[in-house]
Amino acid sequence: MIAETVCSAVAAAGLGIAAVTAYRRRFLSAARIAAYALVPLGLVMTGVVEWAADTAFSPVAWAGFGVLGGAWGLFTLTRSVERRRGGTRKQRRATGSASREAVAPGASTPTLGAGARQSRPTAPRRAEPASSGEDFSDIEAILKKHGI
């Protein structure tokens, strides 16, 4: 009963503010304020406020919120474990098959991978001038393979 009275008072106050705003020739703002002011009145008229008040004082409803919180906690836990493992089983299989397929023609090791081997840093080499008769057939094969 009190919640309905408060919502009605808030709606009336909001409509009053909208009227003052419209009097100042700010019709767009007045219409927006009136729309916001009518929301609590609409919630009272549809019964949502009464339902919310009944829910707030019901122990069964609070137990339901506890169950929902537990479900959310389980969902979060399983997602974090899944992320640590690297995705679902289907995603791990797809990743494994993709890394096996990522081998350049004539190469003995995959071109894409997890980076298990890392070479030691060496001194930078100076670039040698490219000769005009250099063979780019392996590069062309890679580009054709990827549709470029």
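This passage describes the fold, one salt bridge, contacts in the first helix and a charged surface patch of a predicted model.

The protein contains 6 helices and 0 strands. Read from start to end of the sequence, its pattern is α-α-α-α-α-α. The protein has 148 residues, of which 10% are buried.

Helix α1 spans residues 2-23. Gly14 has its place in this helix. Gly14 is buried, because its relative accessible area is 11% and the cut-off for burial is under 20%. Tyr36 lies 22 residues from Gly14 along the chain. The C-alpha atoms of Gly14 and Tyr36 are nevertheless separated by 7.6 Å.

Thr21 also belongs to helix α1. Its relative accessible area is 12%, so Thr21 counts as buried too. The side chain of Thr21 has a polar partner in the backbone. One of its polar atoms lies 2.8 Å from the backbone oxygen of Ile17. Helix α1 thus holds two buried residues described here, Gly14 and Thr21.

A search of the whole structure returned 1 salt bridge. It joins the side chains of Arg79 and Glu82, with an N to O distance of 2.9 Å. Both residues sit in helix α4, which covers residues 59-85. Arg79 and Glu82 are 3 residues apart, about one turn of the helix. Neither partner is buried. Arg79 has a relative accessible area of 33% and is therefore partly exposed. Glu82 is partly exposed as well, because its relative accessibility is 26%. Both values fall between the limits of 20% and 50% that bound this class.

Negative charge gathers in a surface patch. Glu134, Asp135, Asp138 and Glu140 form this patch. One of its members, Asp135, is found in a loop. That loop runs between α5 (89-101) and α6 (137-145). Asp135 has a relative accessible area of 57%, so this residue is exposed. The cut-off for exposed residues is over 50%.

Taken together, the model is a helical protein with 6 helices and 0 strands. Its salt bridge links Arg79 to Glu82 within helix α4. Its negative patch includes Asp135, which is exposed.

Key:
Residues are numbered from 1 along each chain as its sequence is written. This is a predicted model: local features need pLDDT of at least 70, side-chain atom pairs count only at pLDDT 80 or more; totals for chains, interfaces and linings use all residues. Side-chain values use heavy atoms; hydrogens and water are left out. Patches are made of residues with over 30% relative accessible area and no salt bridge: like charges are joined within 9 Å, nonpolar side chains (Val, Leu, Ile, Met, Phe, Trp, Tyr) within 5 Å. Accessible areas come from the Shrake-Rupley method with a 1.4 Å probe; for residues, only the protein chains shown count as cover. A salt bridge is a side-chain nitrogen of Lys or Arg within 4 Å of a carboxyl oxygen of Asp or Glu. Lys and Arg count as positive and Asp and Glu as negative; His and the chain ends are not counted. The place of a charge is taken as NZ of Lys, CZ of Arg, CG of Asp or CD of Glu. Helices (H or I, at least four residues) and strands (E, at least two) are DSSP runs, numbered from the N terminus. Buried means under 20% relative accessible area, exposed over 50%, partly exposed in between (1.4 Å probe, protein chains only). A polar contact is a pair of N or O atoms within 3.5 Å; within protein, one must be able to donate a hydrogen and the other to accept it, and residues adjacent in sequence count only if both atoms are side-chain atoms.
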